[in-house]
Amino acid sequence: PPPPPPAGLAAPPAAGGGMKGAVTFRGRPSRVLLLKNMVAPEEVDAELRNEIGEECSKYGEVLEVIVHPLGEESELPDEERVRIFVKFAKQAAAMKAYIDLDGRFFGGRAVWVCFYRESDFDAANLEPNANEPK
């Protein structure tokens with residue numbers, strides 16, 4: 001099993017007094033989130049990037065959104081063939097978005113979220129890789 005996250009990374013209690021419980025983050029917290037299972041390859045359209053950027057801006061300033069569909073040759077299941085990256089100005093905003101979006105239903109799909117290495121994002125290394133959380 002993976003090592004436990006460093007102390008202090010558990011999520012704060014949900015607003016309104018409700019307890020969402022501690023959150024175990026996938027990946028080392030960064031300013032970049034990778035969202036999977038949000039849309040199928042055939043659902044990618046010109047509006048998707050703007051819609052995601054608008055939705056994520058309620059957590060904090062969004063610097064960039066990249067919708068990265070994998071090619072037909074990809075052997076991954078449909079839910080992993082569209083990789084959506086959101087880079088925030090602050091890590092705290094990315095953490096808030098992670099807590100709110102992971103497991104949330106979008107168009108009948110449960111969204112899967114992990115943190116993504118900023119160095120990989122900035123270098124446009126957007127393909128699935130061995131270092132990525134599963």
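Contact here means heavy atoms within 4.5 Å. This is a predicted model. The chain averages a pLDDT of 85, and 84% of the residues score at least 70. Over residues 6-19 the pLDDT is below 50, and this stretch has 12 contacts in the model beyond near neighbours in sequence. Where pLDDT is low, the predicted coordinates should not be read in detail.

**Strands β1 and β6**
- Strand β6 covers residues 112-116, and 5 of its 5 residues are buried, so the rest of the structure largely encloses this strand.
- β6 pairs with strand β1 (residues 32-36). The sense is antiparallel, over 5 bridges.
- Within this pairing, L35 stands opposite V113 in β6.

**Residue L35**
- L35 lies in strand β1.
- L35 is buried: its relative accessible area is 0%, and the cut-off for buried is under 20%.
- Leaving aside neighbours within four places in sequence, L35 is in contact with V82, R83, I84, V86, L101, V111, W112 and V113.
- V67 is 32 residues from L35 along the chain. The C-alpha atoms of the two are separated by 9.5 Å.

**Helix α2**
- Helix α2 spans residues 91-101. Its buried residues are A93, A94, M95, A97, Y98, I99 and L101.
- An α-helix has 3.6 residues a turn, so residues three or four places apart point the same way.
- The buried residues of α2 pack against two strands already described, β1 and β6. They also pack against α1 (48-56) and β3 (82-88).
- G103, just after α2, takes a positive phi of about 85°.

Terms used: Residues are numbered from 1 along each chain as its sequence is written. This is a predicted model: local features need pLDDT of at least 70, side-chain atom pairs count only at pLDDT 80 or more; totals for chains, interfaces and linings use all residues. Side-chain values use heavy atoms; hydrogens and water are left out. Buried means under 20% relative accessible area, exposed over 50%, partly exposed in between (1.4 Å probe, protein chains only). Helices (H or I, at least four residues) and strands (E, at least two) are DSSP runs, numbered from the N terminus. Two strands pair if DSSP finds at least two bridges between them. pLDDT is the predictor's confidence in each residue, from 0 to 100.
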